[in-house]
Amino acid sequence: MTSLMVKQALIVPNTLCQPIRKILEDSKLTDISCNLKDFGVGKIAIPLGNGTSDKVDSLLVKSNMICNCNTDSINFVTLKTLPMSGYQIAQVMFKAKRPKPKTPYEELVLSLTDLAHKYDICMTEELQRDIPHHWEKHGDLVLLPPNCFCNDTWKKAGEELWSVVCKCLHCSRVARKDVISADGFRTPQVRLLYGDTGWVEHKDNRIRYTYNITKCMFSAGNVTEKLRIAKFDCSNETVVDLYAGIGYFTLPYLVHAKARHLHACEWNPDAVEALKKNLHLNGVEDRCTVHHGDNRKICPKNVADRVNLGLIPSSEDGWPVACAALKTTGGILHVHYNIESKIKQTEVSDTNNSFEGRGSGCENEIIRTNDSVSKHIDRMKVWTEWAEKTCETLHKLMCIAHSDRKWTISVLHIEHVKSYAPHVDHVVVDFKCCPI
Ligand SMILES: C[S@+](CC[C@H](N)C(=O)[O-])C[C@H]1O[C@@H](n2cnc3c(N)ncnc32)[C@H](O)[C@@H]1O
């Protein structure tokens, strides 16, 4: 809301306004909370600080700014004429300057307060709480958190609400998040509030990803794992991605790790649509076969040197499928899992949490290679125990899937991706499956 206030002002001809204002401002004699007022007849009012008129008078004389203008035709209350310089001091109604917002949130609050004023909406505390403090930017689309702009009062402003939001947040589309649904597709439940399409594009480590934000999720938290994959050399390998989604891991395997061929399994039709677009956008579709359906039914067998199982909280349903997908010469399984540890997460940091392991059969010895790991030993012990136990399970599954051979399963590496929740870590364990 713009407030009005009555102030003492110096009346000057507009040809001299800028030099006089500069002289007064340099000596801190103006009131900077108000804008200048233009009377539209060649005269401008410069707001003055309280009790400054004597200083203004002597400063103007010192600066050779003597008045020779006439202000008779202007309708304001003249208080006095300055005795030495001859300028008039008058009482003028000024618009207070809008405070300069320091953050995008402040900008949003100020602009919405103006909007509320325009539509006769009372900006109550409740309404202020409905304004989001944070949001995600996806190109020209802003994704708001849940529970904002839910108050029906905003409806009075109609579509103008969203144009104000777009102007403040420098975007042209607005969507709002809800919780990720527990359905197998991990549907994000995002609602488009303003704009005509939910398709967005991300660039990540020189890979382009496009997807419909209202239908698929983008796992920004998996970035460490995507970077790790990008460093693999898979140029002589066939890879299976059991939970391909829009291609979070499929694309780094193809673009950076240069997989010779990749089989991507995905059952969500919206994710498959985005995956196909992404393969095309990155020019790798000729090295990828997309298998649309439940991986337990459609995943090819006996083809892979490496299988990626990127599903959390657990990819356990896919372990028998992954074992069957490996060639009879064996290979590597990258198993994602949310491991719960009973120790307090606040006592540990999340950096450099990867370490190498070695094992034979199901008796694995884990060797720590990173000094910082010693600080996190309790949590890592839990991950190691889980990995060792899983070796036994995978051993059984490999013996079922490839019954003509005997197998050893060992832990090659444990990678901490992120803390998922208090006491829960998303880790990736690399298991090597070798025929004896
Ligand atoms: C890629 S997202 C997970 C990405 C990331 N690892 C995360 O957890 O945030 C998992 C994908 O697997 C798909 N999916 C889950 N179970 C599946 C199954 N049995 N067969 C095929 N796709 C499946 C989901 O539709 C989803 O797109």
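The largest nonpolar core in this predicted model has 84 residues. Ala322, Leu394 and Phe431 are the residues with the most contacts inside this core. Among the contributing elements, helix 11, which spans residues 377–401, gives the most, with eight residues. The core also draws on two domains: at least three residues come from domain 2 (104–197), and at least three from domain 3 (217–435).

Let us look at one of these residues. Which residues is Phe431 in contact with, leaving aside its neighbours within four places in sequence? The partners are Ile332, Leu333, Val335, Cys391, Leu394, Ile409, Val411 and Leu412. Leu394 thus appears here as a contact of Phe431, and Leu394 is itself among the residues with the most contacts inside the core.

Apart from this core lies another, of 16 residues, including Ala9, Ile44, Tyr87 and Val92.

I turn now to a sheet. In general, the strands of a sheet pair through backbone hydrogen bonds, either parallel or antiparallel. Here, five strands form an open sheet with antiparallel pairing, in the order 2-3-1-5-4. Strand 2 (37–38) and strand 4 (77–81) stand at the edges. Why is one side of each left without a neighbour in the sheet? Each has a single partner strand, so one side has no neighbour there.

For strand 2, the pairing with strand 3, residues 43–47, is antiparallel and runs over two bridges. Asp38 has Ile44 of strand 3 as its bridge partner, and Ile44 also belongs to the core of 16 residues.

Finally, helix 1, residues 17–26, lies across strand 1 (4–13) and strand 3. Helix 1 runs at about 10° to strand 3.

How values were computed
Residues are numbered from 1 along each chain as its sequence is written. This is a predicted model: local features need pLDDT of at least 70, side-chain atom pairs count only at pLDDT 80 or more; totals for chains, interfaces and linings use all residues. Two strands pair if DSSP finds at least two bridges between them. Helices (H or I, at least four residues) and strands (E, at least two) are DSSP runs, numbered from the N terminus. Two residues are in contact if their C-beta atoms, placed from the backbone, lie within 7 Å. Axes are lines fitted to C-alpha atoms, for helices over the stretch in contact, and angles run from 0 to 180 degrees between N-to-C directions. A nonpolar core is a set of buried Ala, Val, Leu, Ile, Met, Phe, Trp, Tyr and Cys residues joined through C-beta atoms within 7 Å. A residue is buried if 20 or more other C-beta atoms lie within 10 Å of its own, exposed if 12 or fewer, and partly exposed in between; C-beta atoms are placed from the backbone. Domain bounds come from an automatic or database domain assignment.
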